[in-house]
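Got the model open in your viewer? Keep the selection box handy and follow along, stop by stop.

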Amino acid sequence: MTDPAAPPAGAVRRWPRRLRRLAVAGLVVLLLASLPWLWTTFSARGHRYDESDAPAADVVIVLGTAVAADRQRPGERLAGRLETAAGLVTGGRATVVLVSGDGGGASGDEPAVMTTYLAELGVDPRRVVADPFGLDTYDSCARAREVYGVQRALIVTQSYHLSRAVTLCRHLGLDVDGVTARCDGCGPALLAEKSIRDYFASGKAALDAVRDRPPAVRSPADPAIEQALRS
């Protein structure tokens, strides 16, 4: 005797097929969503280094991030970037530091704090050039080339951000290699959080690259890097 509450046999057979289709559709959506991240990850392969084995370049670009609560000192991650850049200069792998960040940032004047801290680390102030309009990674790369005439450089940031930074700069015509910044306060939870954030930020990076958008602030050519190299 057939149970009147039981689903038809055909409906039972259809559910596994529907589940498989849903799983395949989910994988396709995930792959499409991951394309920007895959682009930044694979484009940066062969261009990521530790401080100890970094190649040489005249210029090292340091990307800004939040300063400390007192607005006078760098935050932990920014300090790590600056300490790495100072190590590259004192180790003879770079000559001039371009600090690129938001001069009117919510946490404070990033390039000003960066410049002061580099001097404390022993970097000659004549070797430091500040760009206060590096409002994001894309703008920092675009302005390094368009405003400051940088063609070859190292770029310093933390590991979770490095592939995106290298890929954007190379897409914009800079011959850059990335150097992983020190990150003494970066525990597993913070690294996981920042890696997830960077995964989603890769989508904006890809869109900016496809649109070939100009930097938010356009400036005339600035010879500060060339002058610093001569000094």
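## Stop one: a loop residue

Select Asp58, which sits in the loop between strand 1 and strand 2; helices (H or I, at least four residues) and strands (E, at least two) are DSSP runs, numbered from the N terminus. This is a predicted model, in which local features need pLDDT of at least 70 and side-chain atom pairs count only at pLDDT 80 or more, while totals for chains, interfaces and linings use all residues. Residues are numbered from 1 along each chain as its sequence is written, and side-chain values use heavy atoms, with hydrogens and water left out.

Is Asp58 buried or exposed? Neither: with a relative accessible area of 45%, Asp58 is partly exposed (buried means under 20%, exposed over 50%, partly exposed in between, with a 1.4 Å probe and protein chains only). Leaving aside neighbours within four places in sequence, Asp58 is in contact with Ala94, Thr95, Val96 and Leu229 (contact means heavy atoms within 4.5 Å). Now add Leu154: Asp58 and Leu154 are 96 residues apart in sequence, yet 8.3 Å apart in space, C-alpha to C-alpha.

## Stop two: the sheet

Switch to cartoon and look for six strands forming an open sheet in the order 1-6-5-2-3-4, with parallel pairing (two strands pair if DSSP finds at least two bridges between them). Strand 1 (48-49) and strand 4 (128-131) stand at the edges with a single partner strand each, so one side of each has no neighbour in the sheet.

Next, select strand 5, residues 152-157, where five of the six residues are buried. Strand 2 (residues 59-63) runs parallel to strand 5 and is joined to it by four bridges. Strand 6 (residues 175-180) also pairs with strand 5 in the parallel sense, over six bridges. Click on Ala153: this residue of strand 5 is the bridge partner of Val59 and stands opposite Val176 in strand 6. Further along, Val156 has Val179 of strand 6 as its bridge partner.

Bring in helix 5 (residues 159-171), which together with strand 5 and strand 6 makes a right-handed β-α-β unit. Right-handed here means that, with the strands pointing away from the viewer, the path from the first strand over the helix to the second runs clockwise.

## Stop three: helices

Keep helix 5 and add helix 6 (residues 188-211): their axes come within 8 Å and cross at roughly 15°. Axes are lines fitted to C-alpha atoms, for helices over the stretch in contact, and angles run from 0 to 180 degrees between N-to-C directions. Helix 5 and helix 6 are therefore roughly parallel to each other (angles under 35 degrees count as roughly parallel, over 145 as roughly antiparallel, 65 to 115 as roughly perpendicular and the rest as oblique). Show side chains to see residues of helix 5, including Tyr160, Arg164 and Leu168, meeting helix 6 residues, among them Leu191, Asp198 and Ala205.

Now select helix 4 (residues 137-146), which lies across strand 2, strand 3, strand 4 and strand 5, at about 155° to strand 2. Eight of the 10 residues in helix 4 are buried, including Tyr138, Cys141 and Arg143. What covers them includes those four strands, helix 5 and helix 6.

Last, pick helix 3 (residues 110-120), lying across strand 2, strand 3 (96-100) and strand 4, at about 150° to strand 3. Add helix 2 (residues 76-90): the axes of helix 2 and helix 3 come within 10 Å and cross at roughly 50°. Leu78, Ala79, Leu82, Glu83 and Ala86 of helix 2 make the contact with Met114, Tyr117 and Leu118 of helix 3.
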